[in-house]
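Here are a few short exercises to work through with the coordinates open beside you. Try each task before reading its solution.

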2 protein chains.
Amino acid sequence: MYYIGVDLGGTNIAAGIVDDAGKIVKKASTKTGRNRKSEEIVKDMCRLVLDLMKDAGLTEKDIYSIGIGSPGSHDRENGIILYNNNLNFKNVNIKEAFQKHIDVPIYLENDANCAAIAENVAGAAKGYEHSVTITIGTGIGGGVIINNKLFTGTNGMGAELGHIVIDIDGEYCTCGRKGCWEAYSAAPGLISQTRKAAEKNPDSKIHELCGGNLDNIDAKTAFDAARLGDKTGMKVIDDYIGIFGEALANIINIFQPDVIVIGGGVSKEGDNLLIPLKEKMRGKTYGNEGLPTTLIVVAQMGNDAGIVGAAFIPKLN
Amino acid sequence: MYYIGVDLGGTNIAAGIVDDAGKIVKKASTKTGRNRKSEEIVKDMCRLVLDLMKDAGLTEKDIYSIGIGSPGSHDRENGIILYNNNLNFKNVNIKEAFQKHIDVPIYLENDANCAAIAENVAGAAKGYEHSVTITIGTGIGGGVIINNKLFTGTNGMGAELGHIVIDIDGEYCTCGRKGCWEAYSAAPGLISQTRKAAEKNPDSKIHELCGGNLDNIDAKTAFDAARLGDKTGMKVIDDYIGIFGEALANIINIFQPDVIVIGGGVSKEGDNLLIPLKEKMRGKTYGNEGLPTTLIVVAQMGNDAGIVGAAFIPKLN
């Protein structure tokens, strides 16, 4: 039996056929065309899946289930995307749309939770019963696995770990509060800190790295500057990692997981991030004077996390 | 069958025989004598339980289990209190001590978790699968119930909800970090805020309420002053409840429980606390513009929480 995962992103729809071990045996993708009507986008999702099955020589008897990962809020039980602000989806019944074409169980889950599932089943959290996967991008997504089950709270909206206020009256967050972790450690926060530091320090290498135009600063710029020994870049990264460490210490005090997996763009920094991060956390977790005992690692599933996580939704239900 | 619960506190040891519905059918207590050797204290705990059973005409055949609730850190599996800073307990094997006298299963659990169990089984969270119980005293204890099971993380040390940093570089916390929620909303934090406000405002009624001696300020003083219409007291309480609301909004964003139960001294304020607290949380929980959808209530179990919660540890294991 095979599992199919569909990763509905703002730019691409990716789908894959996944074997029981979490290996993608065949995958394909198509442009989302995010400004189109939801019906058209959903039709393309179905077509992508049906074409994949045909190419692989599989029928619905070979498919255990189809899982769809999507940002936004969902009615999991009825397979409805309630709201997805990237795609103008409102109350889109994706389960019904799929089941017109193929008679297998359809699952729907938040994309950050899919990333956590993928890391748990086949990636950096494999073999651990309790894991927290943090995906850093435009926002911060959290996915919490407890006893090998996805934890989402009583209404399915839990684990919004980016929206823990860590600095009352701090930076504004897109959610309407002030001082959420996301406002500091997601890409826009890091870009804003890099920009502010560059403005104050005209001799910083950040100016060269962005070709003299601060609008070109991205979430990598400060890391690149720090790598070149630029003091301004190093200070930005030191502060960034300091706040990151406080937030992860909070998460450990809350969940005491076996492992925290960090995914998204910043995770590509690997040990450049992890080593100072753990050092910043020394003595910060409750009752522990040393480095955190929870493992802190980077994600392993990369771009496949969305497909594999969506495919394996039923495994962690 | 009956359950026995023992609440090992810094001042008193309380024990009770609890029926299946969570009703205490017989209870007794004795002074802890916290400066004594742990062997003597444990001996008194055993004696208290054996006397209770004798008085109630019960033998070990009538007892399903004995549960012990205690602050500090525990090796639950082996029934060992690893560390309890109030009592100078270090590696005290309480299970072994009890089983010398009575052959029933012995359970050991953190006292904040016992409070959560008691509220879940017989109190304010009864009938809800997901609850978070916050006990406010000298510190802040958290107890999290997920799917009617106590959640404690992979190492049993999870749910230290008082040690979520909500104000980076804020007030010092006893845990060694700065800005933990506990530093603001536990009794010592409120007392310190009340004192500071009184020092700045010589005309505040706080001075009368503490008999002109600011050392007499307790966690109730600012509430009492606010009740009298004292502006300084009202400001202290408004700020206090503001921070409390931020912390609870964090907890909802993390756990999305059915209900949050607030216990400990401050919970006696009832609606004086709850009504403004919910109002402060308006629009603060993720994706919700109005008042929180999670119920926020005060604890119902009072002083019996320790006994009932300890007795029912196995029910939520």
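**Exercise 1. A helix pair**

Task: At what angle do helix 5 and helix 8 of chain B pack, and which residues meet there?

Solution: Keep in mind throughout that this is a predicted model.
- Step 1. Fit the two axes: helix 5 (residues 187-200) and helix 8 (residues 231-255) of chain B pack at about 145 degrees, with the axes 10 Å apart.
- Step 2. Assign the hand, and the crossing of helix 5 and helix 8 of chain B comes out right-handed.
- Step 3. List the contacts, taking C-beta atoms within 7 Å as the cut-off. Helix 5 of chain B brings Leu190(B), Gln193(B), Thr194(B), Ala197(B) and Ala198(B). Opposite them, helix 8 of chain B offers Thr232(B), Lys235(B), Val236(B), Asp239(B) and Tyr240(B).
- Step 4. Sort this contact of helix 5 with helix 8 of chain B by class: 5 residues are nonpolar, 3 polar and 2 charged.

**Exercise 2. The sheet and its helices**

Task: In what order do the 5 strands of the open sheet in chain B run, and which strands stand at the edges?

Solution:
- Step 1. Trace the pairing: the order in chain B is 3-2-1-4-8, and the pairing is mixed.
- Step 2. Look at the ends. Strand 3 (24-31) and strand 8 (106-110) of chain B each have a single partner strand, so one side of each lacks a neighbour in the sheet.
- Step 3. From one strand to the next, the twist averages 15 degrees.
- Step 4. Inspect one pair: strand 4 (residues 63-70) and strand 8 of chain B run parallel over 5 bridges. Ser70(B) has Asn110(B), in strand 8 of chain B, as its bridge partner.
- Step 5. Add the helices. Helix 1 (residues 38-56) of chain B lies across strand 1 (2-8), strand 2 (12-18), strand 3 and strand 4, at about 145 degrees to strand 3. Helix 3 (residues 111-122) of chain B lies across strand 4 and strand 8, running at about 105 degrees to strand 8.

**Exercise 3. Two chains**

Task: How many residues does each chain give to the contact, and what turn lays chain B on chain A?

Solution:
- Step 1. Count: chain B gives 35 residues and chain A gives 35 residues. On the chain B side, helix 8 gives the most, with 6 residues.
- Step 2. Classify the side of chain B that touches chain A: 15 nonpolar, 13 polar and 7 charged residues.
- Step 3. Superpose: a turn of 180 degrees with a shift of 0.0 Å along the axis lays chain B on chain A, at an RMSD of 0.0 Å. This is the relation of a two-fold axis.
- Step 4. Compare the surfaces: 100% of the contact residues of chain B recur in chain A, so the same surface serves both copies.

Conventions. Residues numbered from 1 in each chain as written. Chains lettered and ligands numbered in written order. Predicted model: local features only at pLDDT ≥ 70, side-chain atom pairs only at ≥ 80, totals over all residues. Axes fitted to C-alpha atoms, helices over the stretch in contact; angles between N-to-C directions. Helix = DSSP H or I, 4+ residues; strand = E, 2+ residues; numbered from the N terminus. Left-handed = near helix turned anticlockwise from the far one by under 90°. Contact = placed C-beta atoms within 7 Å. Nonpolar A, V, L, I, M, F, W, Y, C, P; charged D, E, K, R; others polar. Pairing = 2+ DSSP bridges. Least-squares fit on C-alpha atoms with pLDDT ≥ 70 in both.
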